[in-house]
Amino acid sequence: MTGWLWRALPPVAVLLATVIAWQLIVSLGELPRYLLPSPYEVSSAVAARPLHFATATVRTLIAALAGFMASLILGVAIAIVFAQSRIIRTAFYPYAIFLQTVPIVAIAPLLILWLGYGLQSVIAVSLVVSLFPIIANTTAGLTRVPPEYLRLFRLYQTGRLRELRLLRLPHAVPNLITGAKTSAGLAVIGAIVGEFFAGYGSGATGLGQLIKANADQSRTPELFASVLLATLLGVLIFGLVNLAGNTILRTWYEE
């Protein structure tokens, strides 16, 4: 418990220093409030409509988690296929890179055209944005097994399925966790971008829609609050994935 507190203290101190500096800049500077509201004004905007911000945050959280879980399952499945053959990997890996390089703002309208407006399109955009790190890292873990281990398994003629289950997949776990940490933050970004374009309909809003609506209407405190909540959401999901990954790795190495 004491160790956890010591690890949490530095980032909390940085956060407090940032808020104090922000308040001083607003109080002592001459910046118009519509450009930079004070921390008090931002917190007051949230306090004035807590349910509004809470439901939007939960809705974006659900979309981001669904996109992240979909990328985790699909990414591992694709990486397993890539690990089976150098020819398959050489033929299809460049198209996986397409997911990393394609501008999501360009492909999001296509996804909406195919899937329609609503949660499914937001999840699809989150999936596309967060998929590549899972594929790249898991493929690296599956294919970079030490040759002496592979020779030992093939000496005993274990078969490809047992080799995958007992050697390649366990070896890929640290790489998979590294990819998952990267994808966790990207899933939130994807959900926000998906909400910009797809929305949820029926008056339901996520943080992406709040950011867009508040920016269009120059409601700066509400805009800052929406952006900060989106940032906290990314930190929360990354923290959960990081905690799960550390627990898995600690258990793994203890065994």
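Helices in this tour are DSSP runs of H or I at least four residues long, numbered from the N terminus. With that convention in hand, select Ala77, which lies in helix H3, and keep in mind throughout that the structure on screen is a predicted model.

**A starting point on H3**

Ala77 has a relative accessibility of 39% and therefore counts as partly exposed. Add Ser183 to the selection and draw a line between the two C-alpha atoms: Ala77 and Ser183 are 106 residues apart along the chain, and their C-alpha atoms are separated by 16 Å.

**The whole chain**

Now zoom out and show the protein as a cartoon, where you will find 10 helices and 0 strands, so that, read from the N terminus on, the order of elements is α-α-α-α-α-α-α-α-α-α. The C-alpha trace spans about 75 × 50 × 30 Å along its principal axes. If you colour by burial, 38% of the 255 residues count as buried, and if you switch to a surface view, the accessible surface comes to about 14800 Å², with 71% of that area belonging to carbon and sulfur atoms. Among contacts between residues at least 6 apart in sequence, 73% join residues at least 24 apart.

**Segments listed in the record**

The unreviewed UniProt entry lists residues 12–29, 61–83, 95–117, 123–145, 184–203 and 223–244 under "transmembrane region". Two of these ranges are worth selecting in turn. Over residues 61–83 the chain is 100% helix and 0% strand, and the C-alpha atoms at the two ends are 32 Å apart. Over residues 95–117, the chain is 83% helix and 0% strand, with its end C-alpha atoms 26 Å apart.

**A nonpolar patch on the surface**

Return to the N-terminal part of the chain and select Val12, Leu16, Ile20, Leu24 and Leu28, which make a nonpolar surface patch of about 510 Å². Leu16 is a convenient residue to centre on: Leu16 is found in helix H1, which covers residues 2–28, and Leu16 counts as exposed because its relative accessibility is 52%, where the cut-off for exposed is over 50%.

**Into the nonpolar core**

Which residues touch the most other members of the largest nonpolar core? Among the 30 residues of this core, they are Phe68, Val122, Val188, Ile192, Leu207, Ile237 and Val241. To see where the core comes from, colour H1, H3 (50–84), H6 (119–143), H8 (160–197), H9 (207–216) and H10 (220–254), since each of these helices supplies at least two of the core's residues. Centre next on Val188 and show its surroundings: leaving aside residues up to four places away in sequence, Val188 touches Ala64, Ala230, Leu233, Gly234 and Ile237. There is also a second, separate core of 10 residues, and its members include Val102, Ile104, Ile107 and Val128.

**A serine in helix H6**

Select Ser126, which lies in helix H6. Is Ser126 buried or exposed? Its relative accessibility is 0%, and Ser126 therefore counts as buried. Its contacts, again not counting residues up to four places away in sequence, are with Ala63, Ala64, Gly67, Phe68, Ala187, Gly190 and Ala191. Two of these names will be familiar from the previous stop, as Phe68 is one of the core residues touching the most other members, and Ala64 is also touched by Val188.

**Salt bridges**

For the last stop, show the charged side chains; taking a salt bridge as a side-chain nitrogen of Lys or Arg within 4 Å of a carboxyl oxygen of Asp or Glu, the count comes to 3. Begin with Glu163, which is buried, with a relative accessible area of 7%. Arg154 forms a salt bridge with Glu163, the closest N and O atoms being 3.4 Å apart, and the side chain of Arg168 meets that of Glu163 in another, at 3.0 Å from N to O. Arg168 is buried, as is Glu163, and Arg154, Glu163 and Arg168 are linked in a network of salt bridges.

Then move to helix H9, where Lys212 and Asp216 are separated by about one helical turn because they are 4 residues apart. Lys212 forms a salt bridge with Asp216, with the closest N and O atoms 3.7 Å apart. Lys212 is partly exposed, at a relative accessible area of 40%, whereas Asp216 is exposed, at 58%.

Technical notes: Residues numbered from 1 in each chain as written. Predicted model: local features only at pLDDT ≥ 70, side-chain atom pairs only at ≥ 80, totals over all residues. Heavy atoms only, no water. Patch = residues over 30% accessible without salt bridge, like charges linked within 9 Å, V, L, I, M, F, W, Y side chains within 5 Å. Areas by Shrake-Rupley, 256 points an atom, 1.4 Å probe, with all protein chains shown as cover. Buried < 20%, exposed > 50% of the residue type's maximum accessible area, 1.4 Å probe, protein only. Core = buried A, V, L, I, M, F, W, Y, C linked by side-chain atoms within 4.5 Å. Contact = heavy atoms within 4.5 Å. UniProt positions renumbered as here; feature names shortened; annotations may be inferred.
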